[in-house]
Structures are given as C-alpha cells and as structure tokens.
Amino acid sequence: MRNREYQTAMDKLTKAVELNPRNINAHGTLALLHAVIGQYDKAEASFKQALRIDGDNSSVLNNYGQFLCQRGRFDEGQKLILKAVANPLYPNAESGYYNAGACAMGNGKLDEADGYFRKALEINSQMPPALLQMADLSLQLDRALQARAYLQRYSAIATMNARALWLGVQIERRLGNRDDEASYALQLQKNFPDSQQTKQLLESKPQ
C-alpha cells in the first residue's frame, strides 16, 4: 500500500482474511485499502467486520471514524474516534484527537476542533498536521498572532507546502506585514506554480 501497489496489497490482504477470518489487522487494513481506491461500501463492510471481531479496538475505531468523517458522516465518525481515545492504553491517541479535530472542523464546530487539536499537541507538541491545522483554525477565529506562532512552529520541523505558504500569506496580510506576505507569496509561486493555492493568491487582493 505504501508503494501504491494496490493490486498486490489487495491479493495479500484477501488471502490473509481467507486464512484467518478473525485477523482484525487484515480486515482493518483491507478497509483502508478499499477506501484509498474508492470502494467505499466495501471499506465500510471491512471496518464493520473488524469491529465485530473486537468492538473496542482503538486503531480500527479511529480509522473507521476518520473514514466516516471524510464521507460527511460527522456525528457517527466523531463518536467512534472519541471511543478510541477514551482507551488510556491507545498508543496513538494524538492521531485520534487530530482526527476528532479535523472532523469537528469539517462539521463547522471550530471551538470543538480547537480543543481537540490542542489535546493532540499536548501529547505530541511536534505533530506537523496538528500545528498546521491550528494555524489555519486560529486564522479563521481571528487570532492572527497565534496563527503566526503555530505556522512558525510548523515551519521549524516540516517542509512548507503550498497550503502552509498560502496560510503564511493570509496571516501576514491580516497582520499588515507586507514584507513577510511578499516573501511567502514569492515562495508559493516559485515552488508551487500550478497549485490551487497559487491560483487563490493570484485572484486575491491585499486588503
């Protein structure tokens, strides 16, 4: 799957399930593979089969919840994710809180999202996706200085992608810092000329 050799992955996972129908990891991974290739009904069936084997498996609950949120079924997905992170032994709780935050953000519940992203960062203060989401969310909540701080933390540990650079443009524009705004804009146009963010930049006008 990591190498995008999806047919090979499908063959091996299908065989694993045939050999051991109660292999929860195989069912859970098969669900993820179905989701990646757009077979959403089959993905959900595999997730449900995994939970029939172990309804308290935090990894499956988290992944299934994320899947449902991505499909716009926010309340269902959030319920499963929160069940996952309620397990004190779950080793990837920061992933669960991040997914809960993304789900709440997609559902328009920005204050809830803020709380979940903060919990993810309490567990792992150097989690790039959570830092970037907090920069975005802080800007949406009109906390531009806070947004700048999160983006600076992100840039210290991760490569600035098109989304991050466009956020930088918007943050510095909001703060009235034209020099840094221009610097971010130049990097965005140079490194990601065909991105949606560059298109948005060219269509936007400083206020």
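This briefing covers the nonpolar cores, one helix pair and one buried residue of the structure above. The model is predicted, so local features require pLDDT of at least 70 and side-chain atom pairs count only at pLDDT 80 or more, while totals for chains, interfaces and linings use all residues. Residues are numbered from 1 along each chain as its sequence is written, and side-chain values use heavy atoms, with hydrogens and water left out.

**Nonpolar cores**
- The largest nonpolar core (buried Ala, Val, Leu, Ile, Met, Phe, Trp, Tyr and Cys residues joined through side-chain atoms within 4.5 Å) has 42 residues.
- Helices H5 (74-85), H6 (93-106), H7 (110-123), H8 (128-140), H9 (144-157), H10 (162-175) and H11 (178-191) each give two or more residues to this core; helices are DSSP runs (H or I, at least four residues), numbered from the N terminus.
- Among the residues with the most contacts inside this core are Phe117, Leu137 and Leu151.
- Not counting residues up to four places away in sequence, Leu151 touches Met160, Leu167, Ile171 and Tyr184, among others; contact means heavy atoms within 4.5 Å.
- A second, separate core of 14 residues includes Leu51, Leu61, Leu68 and Ala84.

**Helices H4 and H5**
- H4 (residues 58-70) packs against H5 at an angle of about 160°, with axes 7 Å apart.
- H4 is therefore roughly antiparallel to H5 (angles over 145 degrees).
- Residues that meet across this pair include Leu61, Tyr64 and Leu68 in H4 and Phe74, Leu80 and Ile81 in H5.

**Gln133**
- Gln133 lies in helix H8 and counts as buried because its relative accessibility is 9% (buried is under 20% relative accessible area, with a 1.4 Å probe and protein chains only).
- Its contacts, not counting residues up to four places away in sequence, are Tyr98, Ala102, Met105, Phe117 and Arg163.

Notes. Buried means under 20% relative accessible area, exposed over 50%, partly exposed in between (1.4 Å probe, protein chains only). Axes are lines fitted to C-alpha atoms, for helices over the stretch in contact, and angles run from 0 to 180 degrees between N-to-C directions. Angles under 35 degrees count as roughly parallel, over 145 as roughly antiparallel, 65 to 115 as roughly perpendicular and the rest as oblique.
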